[in-house]
Every structure is written in structure tokens, then in C-alpha cells.
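Colleague: I am new to this structure and would like a close look at a single part, the region around the first helix and the strands beside it. Could you take me through that part slowly, in one connected account?

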Amino acid sequence: MRTLVFIPAWNEEASVAEVIGDVREHMPSVDLLVVDDGSIDATAARAREAGAVVASLPFNQGLGAALQTGYLYALRGGYECCAHLDADGQHPASEVSRLIEQVAADRADLVIGSRYREYGGGEGGGRETVDGDDYRPTFSRRIGTSLFRFFLTLATRQRFTDTTSGMRAANRRVMSLFSEHYSPDFAEIESLQLAVRQGLRVEEVPVRMLERAGGHSFLTPLRSAFFIFKGLIVLLVGMFRPRRVEAER
């Protein structure tokens with residue numbers, strides 16, 4: 001299965017080359033794209049030096065635009081499968097490859113890597129740590145995740161545990177849908193709602209995530225509260241949007 005892995009990146013010069021190297025090590029057969037979302041540092045240069053193709057947006061447009069660029073590139077490039085992971089080092093490429101395997105086996109159209117789902121099928125986040133490096137969410141992020149989990153499950157009638165995960169894999173049906181419709185502000189949350197409403201098969205797979213390898217999160221406590229509020233409004237509005245007739249197979 002011809003596969004593209006793309007990495008949205010904004011000012012991640014400290015970690016992007018390491019992330020690219022990790023992908024090359026664990027998924028040597030995939031094509032690799034870095035979507036530089038208007039970085040003002042050397043992100044694009046570091047990515048090219050590491051051997052990745054780079055698509056540079058002219059200015060910072062947000063995560064949604066960067067992800068949609070990746071889906072468009074995958075769709076127009078004729079890829080059968082695509083996956084994306086963050087540029088900050090939180091997503092091990094070995095875990096991303098497991099998501100791709102699920103799509104390749106046609107078990108789902110869109111597969112989400114969940115840091116809160118136990119390998120036995122439960123929820124939590126209390127899995128065994130590996131070298132003490134596993135991801136530990138902040139208090140505000142845990143609150144936001146719990147709220148989004150509740151309201152997205154309510155809106156879609158499908159149980160989700162990690163609504164904001166940026167580790168995902170998808171087939172061409174998803175590429176076709178997301179290349180046309182993708183939220184600029186709440187990409188992870190709204191895209192799940194959209195996919196379920198369009199009848200796509202969305203599944204979660206338990207994964208291990210790490211602490212950031214570089215850069216810093218833009219989410220302060222005040223921004224987190226605002227993000228949660230706007231995210232809930234987005235979910236409410238999304239419940240009333242018309243369904244698309246058919247996504248491309």
C-alpha cells in the first residue's frame with residue numbers, strides 16, 4: 001500500500017529532524033512530507049536537510065490548514081493511505097506504523113492513536129511507563145480532554161477517549177472528505193465528528209506518547225479555557241451541518 005506520512009510543523013527546528021529520522025527508521029518504505037506552517041525559524045531548512053519533502057505555507061494558518069494540506073497532497077499524489085504525527089517528538093513512529101497497519105487491513109477508514117485507551121480495551125492512561133518518558137498531560141489538558149470526550153461521544157453516539165490526538169492514519173475516503181472540509185481551528189475534534197456523520201469507520205488504537213522533544217506548547221491556562229469553550233461551540237454547530245452524500249472510495 002503506497003503510503004504518505006506527513007508532519008505539520010510550526011517553529012519546530014529543535015525536534016523536526018529527529019522526528020523525520022524516527023519515521024525513516026521505523027517506516028523506511030513510506031514517502032515523507034513536512035508541512036511548514038509559516039515557521040519563522042529554521043524548521044523548513046532542518047526538514048530538508050533531514051531528507052523530507054517540504055511544503056511551506058506562506059504564513060502561519062493554523063493546524064487545520066497544515067493538516068488539510070497534507071491530506072490534499074496525499075489525495076492528489078494517488079496515495080492509498082496516509083498518516084500524520086506531530087513534529088515535537090511526542091509521537092513515536094513505531095506507534096504510527098501500527099495505525100497504518102489497521103488502515104491497510106481495512107479495519108477502519110480513520111484510525112486514531114489514543115493515549116487514554118488501555119491495551120485491554122479499557123480507558124485510563126495508567127499503562128506501564130517506558131524509561132520514564134511517557135506523556136503526562138497537564139491538569140488543564142486532562143479537563144479539556146474529558147469534556148471533549150463526553151460531548152463528542154454524545155454528539156456522535158460513538159465512544160472516544162482521545163479526541164485531540166494528532167496521531168492518525170487514513171484511507172482515500174478520508175483524504176477525499178478532509179481535503180474539502182477541515183476546520184482551521186479545531187481540526188482534531190471537528191474532524192472526528194465530521195467523519196462519523198459521513199458514515200466513515202473511525203476506530204481508536206491504544207498508543208504510547210512521549211513528552212515533547214523540543215519547542216513549547218502555546219496553550220496557557222487561559223488559552224486552554226478559551227480553547228475548551230470554542231471547541232464545545234464547534235461540536236454544537238457541527239451537529240446541525242448537512243451530511244455529505246458519499247465519500248470517495
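Modeller: A crossover is called right-handed if, with the strands pointing away from the viewer, the path from the first strand over the helix to the second runs clockwise. With that in mind, and remembering that this is a predicted model, we can begin with β1, α1 and β2, which make a β-α-β unit that is right-handed in this sense. The two strands of the unit, β1 and β2, pair in the parallel sense over six bridges, and one place to find this pairing is Leu 4, whose bridge partner in β2 is Asp 31.

The helix of the unit has a buried side and a side turned away from it. The buried residues of α1 are Val 16, Val 19, Ile 20 and Val 23, and because they cover an arc of only 100 degrees around the axis, they lie on the same side of α1. An α-helix has 3.6 residues a turn, so residues three or four places apart point the same way. On the face of α1 turned away from the buried side are the exposed residues Glu 18 and Glu 25. As for what covers the buried residues of α1, the list includes both strands of the unit, β1 and β2, together with α2 and α4.

From the helix we can move to β2, which is mostly covered, with six of its seven residues buried. Besides its pairing with β1, β2 is joined by five bridges to strand β3, residues 53–57, and these two strands also run parallel. Along this pairing, Leu 33 stands opposite Val 53 in β3, and Val 34 stands opposite Val 54 in β3. In a regular strand the side chains alternate between the two faces of the sheet. To get from β2 to β3 the chain passes through α2, and this β-α-β crossover is again right-handed.

These elements also meet in the largest nonpolar core, which has 31 residues, and those with the most contacts inside it include Val 5, Ile 20, Val 23, Val 34 and Ile 100. The elements that give two or more residues to this core are β1 (3–9), α1 (16–26), β2 (31–37), α2 (43–49), β4 (81–84) and α4 (93–104), and the largest share, five residues, comes from α4. In soluble globular proteins, nonpolar side chains tend to be buried together.

Ile 100 is a useful residue on which to centre the view: leaving aside its neighbours within four places in sequence, Ile 100 is in contact with Thr 3, Val 5, Met 27, Cys 81, Ala 83 and Ala 169. Apart from the core just described lies another core, of 29 residues, among them Phe 6, Ala 66, Tyr 182 and Val 202.

For some context beyond the part you asked about, helix α6, residues 172–180, is mostly covered, with seven of its nine residues buried. These buried residues pack against α3 (63–76), β4, β5 (110–114), β6 (168–171) and α7 (187–197). At the N-terminal end of α6 the cap is Asn 171, with a side-chain oxygen 3.1 Å from the backbone nitrogen of Arg 173. Helix α7 is mostly covered as well, ten of its eleven residues being buried, and just after α7 Gly 199 takes a positive phi of about 85 degrees.

Technical notes: Residues numbered from 1 in each chain as written. Predicted model: local features only at pLDDT ≥ 70, side-chain atom pairs only at ≥ 80, totals over all residues. Heavy atoms only, no water. Core = buried A, V, L, I, M, F, W, Y, C linked by side-chain atoms within 4.5 Å. Buried < 20%, exposed > 50% of the residue type's maximum accessible area, 1.4 Å probe, protein only. Helix = DSSP H or I, 4+ residues; strand = E, 2+ residues; numbered from the N terminus. Contact = heavy atoms within 4.5 Å. Pairing = 2+ DSSP bridges. Arc of directions from axis to C-beta. Polar contact = N/O pair within 3.5 Å; in protein donor to acceptor, adjacent residues only side chain to side chain.
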